[in-house]
Amino acid sequence: MAHAPMSVKDRKNVLSGLKVREAMRRIAVHLPESASVDEATRCAIKFKVSAILITGREYQALGVVSKTDLMCAYYAGLPLETPVSTIMRSPPLFCGMDDSLDAALDTMRSKGVHRLYVRGDDPDQAIGILAYPDIVGLLYRYCHKCEHNTLRTRKVPSIFNFSDTFKVRDVMNPSLLVFREEDILSSVMEGLSAHRIGAVLIRGRNNLPSGVVSKTDLIMAYRHGIPPTAEAATIMSSPVRSCDHNEQLVSAIQKMIFSDVHRFFVYRDNPDNIVGVLTLTDAARVRSGSCRACVSSRIRL
Amino acid sequence: MGLTARDVMDTRFFTLLPETTVAEAVKAFRRAGEELNRRVFGMMVTSPDGELLGMVSMYDILILMRPKHIHIWGEMHDIDVSGFMDECYLRAKSIPVGDLMTTDVITLTPDTHLLQIVDIMVRKHLRRIPVLDGGKVIGIVHISSVFFFLMER
């Protein structure tokens with residue numbers, strides 16, 4: 001008996017039908033346009049945020065200063081007293097509370113941004129923020145409650161058990177940016193900017209991985225008056241947080257969350273052989289959105 | 001002349017330097033509390049010559065301690081988070097207080113009137129306000145000092 005070929009339904013996934021208001025967060029931190037770059041760096045460190053909304057006198061959203069912008073200010077040698085309005089990107093990109101999450105994600109992808117601000121009743125004010133990690137959190141909630149979740153029928157107590165099909169190697173990004181301990185911070189910043197990534201691996205004189213320099217490390221160096229001509233070794237975080245490429249994805253996610261880091265470097269055979277990077281957002285997105293129930297819901301026989 | 005900050009300020013106070021780490025600040029909070037015989041919820045951060053740079057409170061330190069991905073793992077009820085706070089503390093303890101202090105600090109002069117102080121404390125939800133003279137810290141006014149000074153007259 002012949003079977004008709006499978007066709008894929010148009011883009012149905014766990015986010016279908018969900019709105020921005022279900023994933024957005026309230027804005028925890030914003031700064032006035034008169035604030036200094038120094039205040040913005042302190043905010044980024046203290047609140048562990050990747051971007052800060054800059055507001056006007058009437059709290060209207062004027063622009064955004066991201067860690068990348070702060071890193072660029074460091075690279076350019078701007079004094080810490082410089083007003084944030086000098087380096088902010090303006091205007092912020094907005095979405096509406098009742099926009100679909102799919103549409104918001106499309107905007108983020110097409111505009112190449114990691115976050116959208118959510119417009120309130122006053123069209124000039126932002127009342128919330130929508131970033132990739134918020135959507136990841138939502139995916140977890142929906143996956144857990146999904147009526148097609150295979151665990152419900154198997155009576156298995158943990159949602160993680162069906163993720164044993166995923167290994168770190170399936171999700172990691174094999175492209176890697178590597179610098180040496182003696183490379184200067186300006187070169188590291190050029191690399192981060194050109195490749196649009198958040199951190200680089202640092203190798204020691206023996207060619208073994210010795211540390212990581214992230215945008216956060218660079219912003220802290222900026223605040224502490226370390227010149228961009230300093231060597232990477234002076235500010236790198238050490239040791240390198242890493243996981244085995246054969247490790248189960250869920251275990252790696254759990255470790256990243258536990259370690260309060262956004263990325264792990266991935267090794268093969270031994271921790272000195274780094275072969276890729278795994279970020280929390282990518283890992284969690286793949287794990288949550290790729291459950292068999294969701295995959296099957298996209299396929300029509 | 002009416003009652004002013006000079007009449008209610010505590011001239012015995014403790015300060016931190018901006019390079020003081022969170023771990024050292026926690027010990028300083030505890031030590032100051034024991035010496036003053038009351039809980040110390042925050043301290044002024046000054047330069048070595050006594051110029052006020054900012055204030056750091058328990059709240060500021062707790063903000064730093066709060067896990068970065070809490071909005072994700074808050075959804076993951078089946079993750080074992082035992083030992084998590086120890087990890088958070090290990091990461092936070094070496095951060096200098098200069099990186100997390102509040103620099104937008106409201107201050108008083110010794111001649112600020114007591115009722116003006118009440119007004120500032122109520123409007124800005126402040127419990128302690130530094131008193132400066134020529135840019136240098138000379139005291140601190142606590143809400144409890146103002147309260148009992150006014151109510152037990």
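**Exercise 1.** How many bridges join strand 13 of chain A to strand 14 of chain A, and in which direction do the two strands run?

Solution. The model is predicted: local features need pLDDT of at least 70, side-chain atom pairs count only at pLDDT 80 or more, and totals for chains, interfaces and linings use all residues. Residues are numbered from 1 along each chain as its sequence is written, while chains are lettered from A and ligands numbered from 1 in the order in which they are written.

Step 1. Find strand 13 at residues 263-267 of chain A. Strands (E, at least two residues) and helices (H or I, at least four) are DSSP runs, numbered from the N terminus.
Step 2. Count the bridges: five link strand 13 to strand 14 of chain A, and the two run antiparallel. Two strands pair if DSSP finds at least two bridges between them.
Step 3. Look across the pair: Val277(A) in strand 14 of chain A is the residue opposite Phe265(A).

**Exercise 2.** Place these strands in their sheet and name its edges.

Solution. Step 1. The sheet in chain A is open and has three strands in the order 12-13-14, with mixed pairing.
Step 2. Strand 12 (242-244) and strand 14 (274-279) of chain A each pair on one side only, and are the edge strands.
Step 3. From one strand to the next, the twist averages 35 degrees. Axes are lines fitted to C-alpha atoms, for helices over the stretch in contact, and angles run from 0 to 180 degrees between N-to-C directions.

**Exercise 3.** Describe how domain 1 of chain A meets domain 3 of chain A.

Solution. Step 1. Set the bounds, which come from an automatic or database domain assignment: chain A has domain 1 (20-131), domain 2 (138-165 + 288-300) and domain 3 (168-283).
Step 2. The C-alpha centres of domains 1 and 3 of chain A are 25 Å apart.
Step 3. In the contact, 12 residues of domain 1 of chain A meet 11 residues of domain 3 of chain A. Contact requires C-beta atoms, placed from the backbone, within 7 Å.
Step 4. On the domain 1 side, helix 1 (37-47) and helix 2 (67-76) of chain A are the elements that give two or more residues. Helix 2 of chain A gives the most, with six residues.

**Exercise 4.** Summarise the secondary structure and extent of chain B.

Solution. Step 1. Chain B has seven helices and five strands.
Step 2. Along the sequence their pattern is α-β-α-β-β-α-α-α-α-β-β-α.
Step 3. Taken along the principal axes, the C-alpha atoms of chain B fill a box of roughly 65 × 35 × 30 Å.

Key
Two residues are in contact if their C-beta atoms, placed from the backbone, lie within 7 Å.
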